[in-house]
Each structure stands twice: as structure tokens, then as C-alpha cells.
Amino acid sequence: MNDISQFPYGVSILEITYIVASVLFVLGLRMLSHPLTARRGNILAAFGMGFAILATILFHEKDGERIGNIPWIIGAIVIGTIIGWVIAKKVKMTAMPQLVSFFNGMGGAAAALISMMEFPHVSPDLIARSGMSNGHVLAILLGLMIGTVSWAGSMIAYGKLDGWIGDLRVKAMKYVNLAILAVMTGFIAFIMTRDVKASSELTPYIYIMFGVAVLYGVLFVMPIGGADMPVVISLLNSFTGVAAAMGGFLYNNQAMLTGGILVGSAGTILTVLMCRAMNRSLLNVIVGVFGGGGQAVVGGAGTVREITLSDAAVLLSYSKKVVIVPGYGLAVAQAQHICHELDKLLDEKGVEVKYAIHPVAGRMPGHMNVLLAEADVPYEQLIESDEINPDLPNTDVLVVIGANDVVNPAAEDDPSSPIYGMPIVKARDAKNIIVMKRGMGKGYAAIENMLFFNEKTRMLFGDAKTTLQNLVNEIKNL
Amino acid sequence: MESILDFILQHREAIFIVILSIFLGIEVISHVPAILHTPLMSGANAIHGVVIIGAIIVMGHADTTGSMILGFLAVVLGTLNVVGGFVVTDRMLEMFKKKK
């Protein structure tokens with residue numbers, strides 16, 4: 001009776017809060033998909049999360065027992081908040097993709113930990129009734145497997161995007177990966193068919209499974225590189241969503257279920273949209289080994305012609321139409337502001353300047369939009385590549401700044417190229433092409449780019465920011 | 001077979017929610033302009049941080065030192081996912097807002 005007099009409607013309030021949180025998640029995602037409401041949508045979803053967390057701490061009951069260890073929980077939340085806030089605020093905009101990957105990995109790890117801790121506590125009644133092959137155990141095992149793969153994979157993706165982990169490309173990799181996947185599935189079947197009294201007897205197997213899942217996560221992401229990286233992050237993002245939803249099954253928790261599945265399905269669709277932008281199938285991304293396999297360009301690809309700064313300045317100033325194709329190089333050099341200065345300067349001289357935005361330029365879809373928006377480049381100047389391509393033959397100068405694969409004509413000419421079929425910015429249609437580049441290195445997909453050897457192409461070597469700065473000064477002095 | 005049917009019966013509400021949520025997720029996302037792909041991915045990333053609720057529940061019922069430590073870790077990581085995710089998304093979107 002004591003509980004009732006304490007506060008009788010706790011559980012009701014908890015469930016109502018979960019409904020509210022779920023609605024806020026859906027509304028938030030919906031608003032996130034429109035430029036004008038996006039920011040409010042994000043904040044709305046954050047409020048939903050806050051309510052759900054608070055209500056869980058205050059009102060959650062398991063078998064009539066309230067949440068304990070509250071000081072520790074609050075302590076953990078405070079620590080996580082401080083670290084997360086500082087990292088999220090401090091990191092440079094260019095490092096955004098790896099940061100998303102990092103946070104995604106944290107969620108995956110949390111899901112895996114939950115599964116690991118819940119496994120030994122599967123109710124003995126349930127096991128006595130239906131053995132180990134019940135939905136509860138399946139949810140735990142899937143949560144562990146998916147969460148761990150997502151964590152390990154995200155950490156590798158983080159390291160690769162951050163540049164301290166290289167690609168590992170071995171042809172046999174896909175067979176190894178398929179084998180590991182089979183082993184993991186076998187493991188689930190093995191555990192679920194054991195005849196035991198208590199699940200804790202099987203705990204050692206859980207750790208082995210964790211190890212195998214880590215291995216899979218690592219090997220799954222290791223061979224993937226190039227333009228496929230964003231696809232992998234998006235895919236891992238939806239993995240974590242599914243892992244969170246497994247927790248929802250486990251605790252019969254609607255907020256976790258809707259939130260997790262929502263992200264799982266939305267993430268999958270986003271992944272498919274990205275694959276479509278690159279004309280690749282998802283399966284191809286997962287088991288295929290991308291890049292590196294492309295035909296080496298038969299010797300003597302031609303000569304590379306350079307252009308001096310002053311020639312470039314003159315060429316640009318006396319053009320009617322200029323199109324800028326930004327890529328990752330622009331992001332790395334933090335050159336978005338100076339780039340905008342260049343376009344304003346040209347605009348004052350009566351030159352029409354547009355940006356050709358390839359959907360996967362940079363390291364994530366929309367990466368370039370974020371960066372250029374940061375530099376206050378107006379929306380109207382950002383044109384998607386499909387839309388601008390028909391206009392390129394009338395373009396006097398096309399300036400490629402730190403982009404490579406997205407302007408590579410091999411995507412149209414060379415059926416043996418790994419990027420064959422990917423939609424590109426048809427740079428070579430323009431009357432003149434200036435390519436700003438640090439050196440003759442290959443793009444992220446490690447494929448030779450014939451555009452650089454084109455007769456109409458002139459190279460301007462150097463760091464994008466410095467080169468642009470010099471170019472701006474040169475134009476001012478004309 | 002019997003256990004499968006039993007499973008479906010036991011979890012029919014959850015299965016309903018899952019199926020409807022899948023369609024909802026697809027519907028909500030499919031009209032997104034490419035420029036918002038990155039913020040959207042980041043926002044979705046923050047939302048699956050809802051896994052923190054599971055972490056809180058585990059932690060709240062932890063009784064051994066080992067499970068306390070793991071639970072603590074799970075809550076910290078879950079919070080990182082939530083807070084980091086939302087803050088980063090907000091930072092990205094903040095830039096879109098400024099343009100006039």
C-alpha cells in the first residue's frame with residue numbers, strides 16, 4: 001500500500017511521456033527535412049529525448065521496483081553531457097562526418113553493453129516455459145550483435161575519415177566477411193537452442209560473440225573507402241537505430257522502439273538515396289571492394305598544363321559565366337570563406353558565378369552545402385550537378401576546387417572504372433577548366449582523373465586557401 | 001512453429017509499432033532535399049541515442065559492482081550520443097539560418 005500512497009500514477013505518466021517523446025521524434029525528423037524548420041525540428045526532438053530520460057529516471061518501474069542508483073545515473077549523464085557538448089562545439093566543420101560517426105558508435109556501444117548486462121538476467125520462468133528460443137533472448141542477441149558491429153564499424157570509419165587508419169583492400173575480404181556473418185548467425189542459433197536452466201550458464205558465449213562482432217565491424221568497414229564512406233556511416237547509423245529498437249523490445253519500451261525503428265528505416269532510406277546518387281547498389285557497397293581496382297591509365301596519359309595566377313585572374317575577370325565545383329579539398333583547407341570572397345569579387349565585375357554541388361562531394365551528402373552556408377553563400381547560387389550540367393557548355397570557366405572523383409570523366413568513358421556510371425559534374429563540357437589542387441595525387445577513390453590531362457584544363461597547384469587568397473589579391477590588383 | 005505464433009501474439013503491439021514506424025520513417029525522409037542530408041543524418045543519429053533509456057533502466061537495477069561499472073559506462077556513452085548528436089546538428093543548422 002505504501003507505493004500507492006506515494007504516487008499512484010507514475011507509470012501512466014511515464015507512458016504518456018513516451019507517447020509525447022515519440023510524437024516529438026517524428027515531428028522533429030519531419031521538420032528536419034525542410035530547410036526553414038530544420039533547426040526547430042532538431043530542438044523539438046531534443047526536448048522529446050529530455051522528457052523521456054527524465055520520466056524514466058523518475059517513474060520507471062521494473063517488477064514494481066523503482067530505478068535505483070540515481071546519483072550514479074545523474075553523474076554519468078553529467079559526464080556524458082559535458083564531454084559530448086565540448087567535443088560537439090569544439091570540432092571543426094570539416095571534421096563533421098567523423099564526428100557523426102563517433103557519436104553513432106557511442107550509441108552502438110551503449111546498446112551492446114545493455115545486451116551484455118541483460119543476458120544473464122533472462123527470467124528463469126521464461127526459460128522454463130519456452131527454453132532459450134524466445135523473443136527476449138533473440139532481442140538481446142541481436143542488440144548485442146548489431147550494436148557491437150555498429151560501434152566497431154563506426155570507430156573504424158571515424159579513424160579512416162580522420163586519416164589515421166588506411167584502407168585495407170584484399171580481394172578475399174568479402175568471403176571472409178560473409179564467413180564471419182555466417183558464424184555470427186550460427187552463434188545466435190547455437191545459443192538459442194541450448195537446453196539450460198538459466199541463461200547465465202551461457203554468459204561466456206556472449207563474450208565470444210562480442211569478439212566476433214567486433215571483428216566483423218572492423219573488417220566490414222576496413223576495405224571500404226572513397227566515395228562510399230558516407231554510405232557506410234549512414235548504414236551504421238541505421239544499424240544503431242535497430243539496436244536501440246531491440247532494447248525497446250526487451251523492456252517493452254515504446255519510446256525506444258519508435259525512436260530506434262524510425263532511425264533504422266529513415267537511415268536505410270537515406271543510405272539507399274546516397275547509393276542511388278552514386279549509381280551503386282547497397283550490396284555492392286557492403287560486399288564489394290571499392291576503388292583501387294580501376295584500370296591503371298595506360299602510360300602517357302598526356303601532359304598537365306599549369307596556369308599562372310595572373311592568367312587565371314584575367315581569365316576569370318573577363319568571363320561571363322563561371323561555375324565553381326567545390327570538393328573535399330576546399331573543406332580541408334577551410335577555404336569556404338575566401339571562396340565566397342572570390343565569387344563576390346567576380347560578381348561585382350559582372351561575372352555570373354554559380355556553384356555546382358555534387359550530391360556526394362566532400363565526405364558526406366550535403367557536406368558542401370553546410371560548408372558554403374557557413375560562409376554565407378546564398379542558396380540560389382548552389383545548383384545541383386544534374387541541373388547545372390546542361391548549362392556547362394555555355395560556361396566560360398569552370399573552377400574545380402579540391403574536387404576530384406565527382407568531375408572524373410572516367411565515370412562516363414571507362415566501363416572498367418570503379419566509379420563508372422556515377423553521375424558527375426560534366427566539367428569537360430565547359431570552355432575552360434581551372435583545377436586547383438594540392439598536387440597530382442589521386443582522389444579519395446584512388447582513380448586517375450583524365451580531366452587533368454584535358455586540353456582545356458589548366459592546373460593551379462597549391463593549398464586551396466592560399467591559392468584562392470592569392471587569386472583574390474591578383475583580381476583586386478587588375 | 002508454436003513458439004513463433006506465441007511470439008507474435010505476445011509482441012503484437014510491438015510488431016504493429018515496428019511496421020508502422022518503418023513506413024513512417026520512409027515517408028518522412030523520402031522528400032528531403034540533398035542539402036539537408038548531412039544534418040538529417042546527424043539528427044537521426046541523435047534520436048537513436050534513445051538507447052540511453054535502456055542504459056538508465058539497466059543501471060537503475062544494477063546490483064553488483066561489475067554491472068554498476070558497465071551500466072555507468074552505458075549511460076555515459078548513451079548521453080554522449082544524445083548530447084553530441086543534437087548539439088552537432090544544431091551547429092550545422094545554425095549556419096543555414098544566417099543566410100539572407
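Here is a short tutorial chat about reading a predicted model with chains A and B.

Visitor: Where do I start with chain A?

Guide: Start with the overall inventory. Chain A has 19 helices and eight strands. Its C-alpha trace spans about 85 × 50 × 35 Å along the principal axes, and 50% of its 478 residues count as buried. Of the contacts in chain A with a separation of 6 or more, 80% join residues 24 or more positions apart.

Visitor: How are the six strands of the open sheet in chain A ordered?

Guide: Read the order across the sheet, then look at who has neighbours. Here the order is β5-β4-β3-β6-β7-β8 of chain A, and the pairing is parallel. β5 (382–384) and β8 (457–461) of chain A sit at the edges with a single partner strand each, so one side of each has no neighbour in the sheet. From one strand to the next, the twist averages 25°.

Visitor: Can you zoom in on one pair?

Guide: Sure. β6 (residues 397–401) and β7 (residues 432–437) of chain A pair in the parallel sense over five bridges. Take Val400(A): its bridge partner in β7(A) is Val435(A).

Visitor: Which strands does α15(A) touch where it packs on the sheet?

Guide: α15(A) touches β3 (321–326), β4 (352–357) and β6 of chain A, and its direction makes about 175° with that of β3(A). Then there's α16 (residues 367–374) of chain A, which packs on the sheet against β3, β4 and β5 of chain A, at about 145° to the direction of β4(A).

Visitor: What span should the 13 residues of α15(A) have, at 1.5 Å a residue?

Guide: The expected span for α15 (residues 336–348) of chain A is 18 Å, and the end C-alpha atoms are 19 Å apart, which agrees. Its buried residues are Gln336(A), Ile338(A), Cys339(A), His340(A), Leu342(A), Asp343(A) and Leu346(A). Just after α15(A) comes Gly350(A), with a positive phi of about 85°.

Visitor: What should I make of a positive phi elsewhere?

Guide: Most residues other than glycine have a negative phi, so a positive one in such a residue is worth a look. In this model, Asn69(A) has a positive phi near 55°. Asn69(A) is in the loop between β2 (65–66) and α4 (70–90) of chain A. Asp376(A), not a glycine either, has a positive phi of about 70°, and lies in the loop between α16 and β5 of chain A.

Visitor: Why does Asn69(A) count as partly exposed? And what about Asp376(A)?

Guide: Count C-beta neighbours: 20 or more within 10 Å means buried, 12 or fewer exposed. Asn69(A) is partly exposed because it has 19 inside 10 Å. Asp376(A) has 14 other C-beta atoms within 10 Å, so it is partly exposed too.

Visitor: How many residues does each chain bring to the contact?

Guide: Interface size is often given as accessible area lost when the parts come together, but residue counts also work for reading this one. Chain A brings 93 residues and chain B brings 78. On the chain B side, the elements giving two or more residues are α1 (2–10), α2 (12–29), α3 (37–47), α4 (51–60) and α5 (65–98) of chain B. The largest share, 31 residues, comes from α5(B). By type, that side of chain B divides into 47 nonpolar, 25 polar and six charged residues.

Visitor: Is α4(B) mostly covered or open?

Guide: Mostly covered: ten of its ten residues are buried, among them Val51(B), Ile53(B) and Met59(B).

Visitor: And which domains does chain B have?

Guide: The assignment gives domain 1 (1–31) and domain 2 (33–100). Their C-alpha centres lie 24 Å apart.

How values were computed: Residues numbered from 1 in each chain as written. Chains lettered and ligands numbered in written order. Predicted model: local features only at pLDDT ≥ 70, side-chain atom pairs only at ≥ 80, totals over all residues. Helix = DSSP H or I, 4+ residues; strand = E, 2+ residues; numbered from the N terminus. Contact = placed C-beta atoms within 7 Å. Nonpolar A, V, L, I, M, F, W, Y, C, P; charged D, E, K, R; others polar. Expected span 1.5 Å × (residues − 1). Pairing = 2+ DSSP bridges. Axes fitted to C-alpha atoms, helices over the stretch in contact; angles between N-to-C directions. Domains from an automatic or database assignment.
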